[in-house]
Amino acid sequence: MALTMAATVERRTWDVLVVLTAPPHTTDALTTVLRLAQAVLERERTIRVWACGYNTMLTQSSLGETKPADLRDPATPAPTAGALIRGLLTAYKGRFSWIVCTACSAERGARDHIAEVRLRSDARLAATVAAAHRTLYIGGA
């Protein structure tokens with residue numbers, strides 16, 4: 001009787017993982033992460049963002065593509081965070097990923113996300129960290 005070994009699953013790795021927990025409405029953490037993502041992507045690398053807490057609200061479909069006009073420049077439409085994230089996901093398909101924590105999302109009633117984001121259980125965070133060469137944590141407890 002021959003023993004056979006189970007096939008090993010090749011797990012995708014990412015150059016950078018950013019775990020974003022800082023509230024998006026109190027600091028520049030979100031714009032910092034988006035700028036960091038753009039810089040990483042321009043260097044032909046891969047980056048993943050794991051959004052926790054109120055960051056799970058940023059990709060709600062109900063927010064649409066534009067937000068109220070900036071009073072300093074009312075003629076120029078300002079994109080919502082979801083539109084900016086969707087733009088990166090579209091432009092860098094396969095090299096940029098935005099993950100929404102399902103526990104944080106459910107806790108805040110955020111259920112209707114843009115189709116491009118991934119929903120993952122907080123139980124998968126450790127595996128996601130293990131699949132990244134570098135992990136940055138931006139936020140607070």
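Glutamine 60 sits in the loop that runs between β2 and β3 (66–67). The model is a predicted one. Is glutamine 60 buried or exposed? Its relative accessibility is 11%. Buried means under 20%. Glutamine 60 therefore counts as buried. Its contacts were examined next, leaving aside neighbours within four places in sequence. On that basis, glutamine 60 touches Ala110, Arg111, Asp112 and His113.

The loop belongs to a protein with seven strands and four helices. Along the sequence, these elements follow the order β-α-β-β-β-α-β-α-β-α-β. The C-alpha atoms fill a box of roughly 75 × 35 × 30 Å, taken along the principal axes. The protein has 141 residues, and 38% of them are buried. Contacts between residues at least 6 apart in sequence were also considered. Of these, 73% join residues at least 24 apart.

Helix α1 was examined in more detail. It covers residues 29–42, which makes 14 residues. At 1.5 Å a residue, a helix of this length should span 20 Å. The end C-alpha atoms of α1 are 20 Å apart, so the expected span and the model agree.

Which residues of α1 are buried? They are Ala29, Leu30, Val33, Leu34, Ala37, Val40 and Leu41. Seen down the axis of α1, these buried residues fall within an arc of 135°. They therefore line one face of the helix. On the other side of α1, Arg35 and Glu42 are exposed.

What covers the buried residues of α1? The cover includes four strands and a helix: β1 (14–20), β2 (47–51), β5 (96–101), β7 (132–138) and α2 (81–91). Among them is β2, the strand that precedes the loop holding glutamine 60. Just after α1, the backbone has a further feature: glutamate 44 takes a positive phi of about 65°.

The surface and charges of the whole protein were computed as well. The protein exposes about 8800 Å². Carbon and sulfur atoms supply 56% of that area. There are 17 positive side chains and 12 negative ones. The centres of the two sets lie 5 Å apart.

Notes: Residues numbered from 1 in each chain as written. Predicted model: local features only at pLDDT ≥ 70, side-chain atom pairs only at ≥ 80, totals over all residues. Heavy atoms only, no water. Helix = DSSP H or I, 4+ residues; strand = E, 2+ residues; numbered from the N terminus. Buried < 20%, exposed > 50% of the residue type's maximum accessible area, 1.4 Å probe, protein only. Contact = heavy atoms within 4.5 Å. Areas by Shrake-Rupley, 256 points an atom, 1.4 Å probe, with all protein chains shown as cover. Lys, Arg positive; Asp, Glu negative; His and termini not counted. Charge placed at Lys NZ, Arg CZ, Asp CG, Glu CD. Expected span 1.5 Å × (residues − 1). Arc of directions from axis to C-beta.
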